[in-house]
Amino acid sequence: MTRLRTVEMSLVLASLSACATLAPKAGEQTDAYVKALNVLSPPSAPDGELDTTWEYYLKMYADCDGDLPFQCELYERAFVDAYIAQLLVSVTGQSTNDIRILAMAYEEFRKSADTISASNDAWLQATMRQMGWFSVGTYGESADAAAFLLIQHSGNEAWQKQALTDLTGRMASGETNPRNVAMLSDRIALKEGALQKFGTGNGTRRAHASSRPEQLNERRAAAGMGPIERYEASMGSKYC
């Protein structure tokens, strides 16, 4: 598996040559982040059709022209984050003592994954202080979704709560998709052992327990989501 380097990056796809000079320059990302990337060695091309989240963002990164600040790095980070999430979902339910991911023991893999997640937190927080959110109107729906993905997969609950307040305020003006607010709200509720409002949490129907269940689909519709029955059928028992 070819390594994806964030400093002086080689081609991600054949079409990436025009974007290669937009890879982060030395010093823009921490040594720990770069080391973790090298350990995990993410793919440099999709493994088939663009049928997974990580492949979609890898293609977005490959096609990125860098017209807008931070856009290319956002897609790179979203690609790596989604790739890690898919690998973790693939071993859900297994004992961590028995798990090997990318030929690594679970704890070794998790250490690198957590390093990347923490770097994503710091990078997105700094970026938002500098230029605000990756708003739909300016950056498009894909960038809005990519930035949200980094927050949704963060292990820092305090940061998630801060982001939820920020995104809730931006939702009314159309800067972010209402689904982002719904999903982040439920993710925080699950972490705190509280009832969800939209039933988007990972797991089985039991994990979808929500407050005022008789109004669940109504709340989902208001956030632009379909009925919970259709959602569960499409996602199955394991997803992230």
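Let me begin with a term: a strand, as I shall use the word, is a DSSP run of type E with at least two residues, and strands are numbered from the N terminus. With that in hand, consider Leu102, which is found in the loop between strand S1, residues 100-101, and strand S2, residues 104-105. Please bear in mind throughout that this is a predicted model.

Leu102 deserves a remark on its backbone. Most residues other than glycine have a negative phi. Leu102, although not a glycine, has a positive phi of about 55 degrees. Its relative accessibility is 30%, and Leu102 therefore counts as partly exposed, since that class lies between the 20% and 50% limits.

A second residue of this kind is Phe70, in the loop between H2 and H3. The phi of Phe70 is near 70 degrees, again a positive value in a residue other than glycine. Phe70 is partly exposed, with a relative accessible area of 26%.

Let me now turn to the chain as a whole. The chain holds 10 helices and 2 strands. Read from the N terminus, the order of elements is α-α-α-β-β-α-α-α-α-α-α-α. The chain has 240 residues, of which 47% count as buried. About 12000 Å² of the chain is exposed, and carbon and sulfur atoms supply 51% of that area. If we take contacts between residues at least 6 apart in sequence, 61% of them join residues at least 24 apart.

I come next to the helices, starting with H2, which spans residues 53-63. Which residues of H2 are buried? They are Trp54, Glu55, Tyr57, Leu58, Tyr61 and Ala62. Viewed down the axis of H2, these buried residues fall within an arc of 165 degrees, so they line one face of the helix. Their cover includes helix H3, residues 71-89, and helix H6, residues 141-152.

H3 and H6 also pack against each other, at an angle of about 50 degrees and with their axes 9 Å apart. The two helices are therefore oblique to each other, and their crossing is left-handed. On the H3 side, the contact is made by Leu74, Tyr75, Arg77, Ala78, Asp81 and Ala82. On the H6 side, Ser142, Ala143, Ala146, Ala147, Leu149 and Leu150 take part.

H6 has a further partner in H8. Here the packing angle is about 5 degrees and the axes are 11 Å apart. H6 and H8 are therefore roughly parallel to each other, because angles under 35 degrees count as such. Asp144, Phe148, Ile151 and Gln152 of H6 meet Asn180, Met183, Leu184 and Arg187 of H8.

Two individual residues remain. Is Gln71, in helix H3, buried or exposed? Gln71 has a relative accessible area of 11% and is buried. Setting aside neighbours within four places in sequence, Gln71 is in contact with Cys64, Phe134 and Tyr139. Of these partners, Phe134 is 63 residues from Gln71 in sequence, while their C-alpha atoms are 8.3 Å apart in space.

The other residue is Gly201, in the loop between helix H8, residues 178-191, and helix H9, residues 216-222. Gly201 counts as buried, at 5% relative accessibility. Between the C-alpha atoms of Gly201 and Lys191 the separation is 9.9 Å, and the two residues are 10 apart along the chain.

Conventions:
Residues are numbered from 1 along each chain as its sequence is written. This is a predicted model: local features need pLDDT of at least 70, side-chain atom pairs count only at pLDDT 80 or more; totals for chains, interfaces and linings use all residues. Side-chain values use heavy atoms; hydrogens and water are left out. Helices (H or I, at least four residues) and strands (E, at least two) are DSSP runs, numbered from the N terminus. Buried means under 20% relative accessible area, exposed over 50%, partly exposed in between (1.4 Å probe, protein chains only). Contact means heavy atoms within 4.5 Å. Accessible areas come from the Shrake-Rupley method with a 1.4 Å probe; for residues, only the protein chains shown count as cover. The arc is that of the directions from the helix axis to the C-beta atoms. Axes are lines fitted to C-alpha atoms, for helices over the stretch in contact, and angles run from 0 to 180 degrees between N-to-C directions. Angles under 35 degrees count as roughly parallel, over 145 as roughly antiparallel, 65 to 115 as roughly perpendicular and the rest as oblique. A crossing is left-handed if the near helix is turned anticlockwise from the far one by less than a right angle, and right-handed if clockwise.
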